[in-house]
Amino acid sequence: MLKEIIQPENLAYKKTELMTDTVLSYCPGCGHGTIHRLMMDVIEELDAWEDTIGVAPVGCSVLAYEFMNVDMQQAAHGRAPAVATGIKRCWPDKLVFTYQGDGDLAAIGTAETIHAINRGENIVIVFVNNGIYGMTGGQMAPTTLPNMKSSTSPYGRDVDMMGAPLKITELISQLPGAYYVTRQAVHTPAHVRKTKKAIKKAFQNQIDKKGGVSFVEVVSNCNSGWKMTPVQSNEWMVDNMFPFYPLGDIKVDGELVTK
Amino acid sequence: MGELKLMKGNEAVAEAAIRVGTDAYFGYPITPQSEIIEYLMAEKPHERTGMVVLQAESEVAAINMVYGAAGAGKKVMTSSSSPGISLKQEGISYMAGAELPCVLVNVVRGGPGLGTIQPSQADYFQSVKGGGHGDYKMIVLAPASVQEMYDFVETSYDLAFQYRTPVLILTDGVIGQMMEKVEVSEQKPRWTDEEIAKNTPWATFGKKKDRERNIITSLDLDSARMEQHNHHLMRKYEEIKEKEVRFEKINCEDADYLLVAYGSSARISQKAIDLCAEKGIKVGLLRPITLFPFPEKEINEMADKVKGILSVEMNAGQMVEDILLAVKGKVPVEHFGRMGGIIHSPQEVVEALEQKIIGG
Amino acid sequence: MTEEIIIAGFGGQGVLSMGKILAYSGIMQDQEVSWMPSYGPEMRGGTANVTVIISDERVSSPVLTEFDTAVILNQQSMDKFESTIKPGGYLLYDPNGISRHPERKDIKVFKIEGAKIAADLGNTKIFNMVVLGAYLKMRPIVKLENVILGLKKSLPERYHKLIPLNESAIKSGMESIEEVA
């Protein structure tokens, strides 16, 4: 019965070869897998497979190179923008991207993030913001919302004690070296399509040597860390994360978007 | 014979970097080695060879830029001085783990902490025992002249790529700041893309259709595989210990006593053995050129011929531990050295030898 | 032949460049040389000194505590280095700004009115070349022609037009040196 159905003429969708067959290590319901696939789809569509080098961070996506079938380097925690700088300066015609979480990009790697962007490195940074340290077991991140519980803020983030969540994306958008800055999400098919467009624009900017970083933040969920079901976590994200981290373009073609 | 120039040790490293075809230098200024990046910036190597020179926002960023470029098959180097090298240890450990070739230069100053900007050899342990976290070594070369500062850049690249390991040129403010005569070599071209593909087939410069993707990583969450990787690294270090020991012996033929010293201390000790000869004391000098691998066999052999050994180092006694391990108790071994950025004089070395070894 | 020299004075007097030209002159006549400066914040406006060694053999220690010759250009350096000259060695100093003159009897002492001569020649920047000339008269270890070649090597091309001025400063130094004791 199955064999009759699995026929070339019935093929409705084919996974890109730029994703390996390794089973994703991410929790069911997590946004990482979707974002990985969007990036690999875009690189395939841009016919850039042979010219792409990715940099994986420390965090849940530390093993991104197990799933992305492109040449990749694994960076020390927070250092991906520096590693990408080293690659891109030596191979200016290749496509270089980093894939980083909020702890990696906005806490330990803040200096590397800001300075790589300030130098206008012609790279793509994909920033997955789920407001928590997922890999190490749900500790507070720089982007954890006020009063949000985590294993190191078990009574909720006390802003007086721990400071306010860091809006790193708005912050870096002020730098002249940031060419394209946008914030997206992947919790609905419509948002997935918009995120893919944003990622494609980011890589196209790099191919066109637009002179600056293209920075795509994806606000995502962490149902395990947030201790919710996947559906609940997406609802919670819409209700709580999006008001603080509003979706949409922040800077396009080097110009800040005025609302 | 190549062109003769009068250069500082730091400048010689920088000029050598350009002439041997380095692809990129990433650094951050710190005394007493800032002349390296200053010289490189002034020389416009991008125009001379296409070499990239970039001042990073920190030593941490600089070493990670080195990681990225080395992982992408390029000949890349960085330099710093002690506090900056401490900051780079994270990246050096990752590079040792990921087996990335690169050339590092440490123009050592006195510590601990911010310490002093004056010369020191107090980073010996950090250099030869690993330095960062995890079981690893790197090849450590100790130049004793400005000419060696120049020559060891190419030697370091050769070793780094042969063994896929970081190689450290361990020097200090004396050698970095002093000027000597240097014979410079002809300009070599940087590797072409084809040469990179041939020389570093493991590197990440874009996955070709006919090969698996290349991955640069020091991570393996499977402990059995990680242990295998550790064994692989240890075998590599054993091979290095077998094949790459370098040293120089001066006046060792009929010596009654032996000085062991590297880098600037070896130069001072050389003067000390001349002063000893004037006094009728026969003293030889064994100068380790590689600190890892350490010339333990040669020192052990010398222990059969002399009555005592003095380790002369500008620190509180670090290399002396490796000498003790090599000598295996055959003869007395003592340490002499000034600290805090004070350079011992040849006379002080002679006095220490007389008091600690000859009189002792 | 090995000549171990300390040149010491204020930062800005051209102590380091005088040493550099001397070292380059040694290279020009196929000798081994080393040039080891004091470095760091002490150089900024404070005292500066450089150890220069010129030898027929490979130079051993670039760092010394005893010298064949000391060239001393301020009082702090006189206090610090007069005692480090080997018996039978040489001391050259500029009496300008010196309140305590050399006291050693077991060395040869010479003086040069470097600051005054440079001022008379209308260019205080050539002070160190006047002193170099005096040194070369006292210790003729390198030939003048090799000093000129050394100058050419150590000066950037755009300053080569100043070489005749430097040469005349060296010559006035040679003519004006006086033996004190």
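Which residue of β2(C) stands opposite B:Met179? Hold that thought; it gets its solution in Exercise 3.

**Before you start**

This is a predicted model, where local features need pLDDT of at least 70, side-chain atom pairs count only at pLDDT 80 or more, and totals for chains, interfaces and linings use all residues. Residues are numbered from 1 along each chain as its sequence is written, while chains are lettered from A and ligands numbered from 1 in the order in which they are written.

The model scores ipTM 0.96 and pTM 0.95. Chain C averages a pLDDT (the predictor's confidence in each residue, from 0 to 100) of 93, with 96% of its residues at 70 or above.

**Exercise 1. Work out which chains touch.**

Step 1. Take the contact rule: two residues are in contact if their C-beta atoms, placed from the backbone, lie within 7 Å.

Step 2. Look at chains A and C: they do not touch, and their nearest C-alpha atoms are 29 Å apart.

Step 3. Of the 2 pairs of chains that touch, A and B have the most contacts.

**Exercise 2. Describe the contact between chains A and B.**

Step 1. Chain B brings 34 residues and chain A brings 29.

Step 2. On the chain B side, the elements giving two or more residues are β2 (24-27), β3 (52-55), α4 (59-71), α5 (82-98) and β9 (215-216). Helices here are DSSP runs of H or I with at least four residues, strands are runs of E with at least two, and both are numbered from the N terminus.

Step 3. α4(B) gives the largest share of that side, 9 residues.

Step 4. Sort that side of chain B by class and you get 17 nonpolar, 9 polar and 8 charged residues. Nonpolar here means Ala, Val, Leu, Ile, Met, Phe, Trp, Tyr, Cys and Pro; Asp, Glu, Lys and Arg count as charged, and the others, Gly among them, as polar.

Step 5. Now the strands, which pair if DSSP finds at least two bridges between them. β2 of chain A (residues 71-74) runs parallel to β9(B), over 2 bridges, and A:Met72 sits opposite B:Ile215.

**Exercise 3. Do the same for chains B and C.**

Step 1. Here 22 residues come from chain B and 18 from chain C.

Step 2. On the chain C side, α1 (15-28) and β2 (32-37) each supply at least two residues, and β2(C) has the largest share with 6 residues.

Step 3. By class, that side of chain C has 10 nonpolar, 6 polar and 2 charged residues.

Step 4. β8 of chain B (residues 179-183) and β2(C) run antiparallel, joined by 2 bridges. Back to the opening question: the residue opposite B:Met179 is C:Trp35.

**Exercise 4. Trace the partners of β1 in chain C.**

Step 1. β1(C) (residues 2-10) and β3(C) (residues 47-55) are antiparallel, with 9 bridges; C:Ile6 stands opposite C:Thr51.

Step 2. β1(C) also pairs with β4(C) (residues 67-72), this time parallel and over 4 bridges. There, C:Ile7 has C:Val71 as its bridge partner.

**Exercise 5. Check the span of α9(A), then see what it packs against.**

Step 1. The expected span is 1.5 Å times one less than the number of residues. α9(A) (residues 189-207) has 19 residues, so it should span 27 Å, and its end C-alpha atoms are indeed 27 Å apart.

Step 2. Its buried residues (20 or more other C-beta atoms within 10 Å of their own, with C-beta atoms placed from the backbone) include A:Ile199, A:Ala202 and A:Phe203.

Step 3. The buried residues of α9(A) pack against α2 (32-45), β3 (95-101), β4 (124-129), β7 (178-185) and β8 (213-219) of chain A.

Step 4. Just past the helix, A:Lys209 has a positive phi of about 50 degrees.

How values were computed. Buried ≥ 20, exposed ≤ 12 C-beta atoms within 10 Å, placed from the backbone.
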